[in-house]
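Here is a short report for a reader new to protein structures. Keep the model in view and look up each residue as it is named.

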Amino acid sequence: MGLIVRMLPPQIGSHQKVFFRSFLGLLLLLAFFRAMRRPIGAPRDIAGLVSRGAFGGFALILFFYSIDHSGLVKATLYCYTYPVFAALLAWPVLRERVGPRDELGLALGAVGPVLTLDSDGWLPRFGSGDAAGLASGALSGAAVISIRKLHRTDTSTWIVISFTAVSSLLVLPLMAPVYVQPSPAAAAALLAIALLATVAQLFMTAAYRHLPATEGSVLALGTVPLSAILSMLVLNEPLSARFWVGAGLIFALGLAAFAAHLA
């Protein structure tokens with residue numbers, strides 16, 4: 001998804017990308033459930049669903065802005081600091097304890113993404129896109145906690161619907177003044193973004209029904225090196241040896257968390 005966002009022409013702004021990702025995603029969800037004739041029931045925790053949508057919506061707006069202004073690798077890197085924020089919130093909100101193994105994993109998870117950021121030596125530049133990406137990580141951490149909490153009352157279906165619906169409403173007034181009619185190719189890319197993101201969101205939301213917030217967040221860190229590898233292969237963005245060290249830490253961390261869950 002992030003790669004296609006990055007490849008869209010600059011005339012299609014980040015707000016427009018967020019709107020199409022959310023609104024088309026909502027339509028795809030509704031069409032899917034109608035085709036499957038699957039009853040979705042009624043929502044229960046309305047305030048919680050709206051909060052989940054707001055956290056995720058603002059995180060998405062900031063993430064897409066960061067992709068446009070800092071590039072896919074750096075934006076993904078900063079956004080995927082969210083496991084740290086999720087872990088900080090897991091105990092006071094969910095009463096999920098963070099054990100020594102989780103603490104070590106989070107520490108390595110913080111070091112790994114930092115090492116993958118190597119554009120200009122050891123002191124990376126930090127601009128508005130980087131700040132937006134980091135803020136996206138904080139809001140994503142809050143969204144993960146809200147998902148985990150909502151599973152006590154609501155289905156994965158309503159959790160995902162709330163995200164796409166609230167995101168569409170949040171970004172609509174920002175997108176409308178700068179709307180640009182997309183070309184057929186850009187329209188197809190926007191549809192692909194919505195499709196990929198919606199499928200991924202369904203998988204992630206379902207996963208947090210069974211995984212603690214900290215463990216699931218650690219597994220998701222693999223998105224950082226995977227996005228960077230796609231950037232290298234498709235966008236010809238070079239990757240340093242330091243990146244591969246950080247990527248190795250992240251993958252090792254994800255495998256350790258997965259093995260711990262199986263055990």
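## A220 in helix α10

A220 is buried, because its relative accessibility is 18% and the cut-off for buried is under 20%. The model is a predicted one. A220 belongs to helix α10, which covers residues 213-220.

What does A220 touch, once its neighbours within four places in sequence are left aside? The contacts are Y80 and Y82. A second residue to look up is M204. In sequence, A220 and M204 are 16 residues apart. In space, their C-alpha atoms are 8.9 Å apart.

## The whole chain

Now step back. The protein has 12 helices and zero strands. Its pattern along the sequence is therefore written with helix symbols: α-α-α-α-α-α-α-α-α-α-α-α.

The protein has 263 residues, and 47% of them count as buried. Next, take the contacts between residues at least 6 apart in sequence. Of these, 90% join residues at least 24 apart.

## Helices α3 and α4

Two packed helices are described by the angle between their axes and the distance between the axes. Helix α3 covers residues 46-70, and helix α4 covers residues 72-79. Their axes come within 7 Å. They cross at roughly 145°. The crossing of α3 and α4 is right-handed.

Which residues meet here, α3 against α4? From α3 come F63, S66, I67 and S70. From α4 come L72, K74, A75, T76 and C79. Sorted by class, this contact has five nonpolar residues, three polar ones and one charged one.

How many of the eight residues of α4 are buried? Eight of the eight are, so α4 is largely enclosed by the rest of the structure. The buried residues in α4 are L72, V73, K74, A75, T76, L77, Y78 and C79.

## One salt bridge

Side chains of opposite charge can pair when their charged atoms come close. The structure holds one salt bridge. The side chains of K17 and D68 form the pair, with 2.7 Å from N to O. This distance fits the salt-bridge rule, because the rule asks for a nitrogen and an oxygen within 4 Å.

The two partners come from distant parts of the chain. K17 is in helix α2, residues 14-36, and D68 is in helix α3. They are 51 residues apart.

Is each partner buried or exposed? K17 counts as buried, because its relative accessibility is 1%. D68 is partly exposed, because its relative accessible area is 27%.

## Aromatic pairs

The count of aromatic pairs comes to five. One of them joins F19 and F20. Their ring centres are 5.8 Å apart. Their planes stand at 85°, so the pair is edge-to-face. The cut-off for that label is over 60 degrees. F19 counts as buried at 13% relative accessibility. F20 also counts as buried, at 16%.

Another pair joins F32 and F33. Here the ring centres are 5.3 Å apart. The planes are at 65°, so this pair is edge-to-face too. F32 is partly exposed, with a relative accessible area of 36%. F33 counts as buried at 5%.

Which residues do ring pairs link into a cluster? They are F19, F20, F23 and Y179.

## T164 and A165 in helix α8

Helix α8 covers residues 156-175, and T164 is found there. A165 is found in α8 as well.

T164 counts as buried, because its relative accessibility is 1%. A165 counts as partly exposed, because its relative accessibility is 24%. The cut-off explains the two labels: buried means under 20%, and exposed means over 50%.

Where does T164 make contact, apart from its neighbours within four places in sequence? The list is R21, S22, G25, L26 and L29. L26 also serves as a marker for A165. A165 and L26 are 139 residues apart in sequence. In space they are 6.4 Å apart, C-alpha to C-alpha.

Note on methods:
Residues numbered from 1 in each chain as written. Predicted model: local features only at pLDDT ≥ 70, side-chain atom pairs only at ≥ 80, totals over all residues. Heavy atoms only, no water. Helix = DSSP H or I, 4+ residues; strand = E, 2+ residues; numbered from the N terminus. Buried < 20%, exposed > 50% of the residue type's maximum accessible area, 1.4 Å probe, protein only. Contact = heavy atoms within 4.5 Å. Axes fitted to C-alpha atoms, helices over the stretch in contact; angles between N-to-C directions. Left-handed = near helix turned anticlockwise from the far one by under 90°. Nonpolar A, V, L, I, M, F, W, Y, C, P; charged D, E, K, R; others polar. Phe/Tyr/Trp six-rings, centres within 6.5 Å; stacked < 30°, edge-to-face > 60°.
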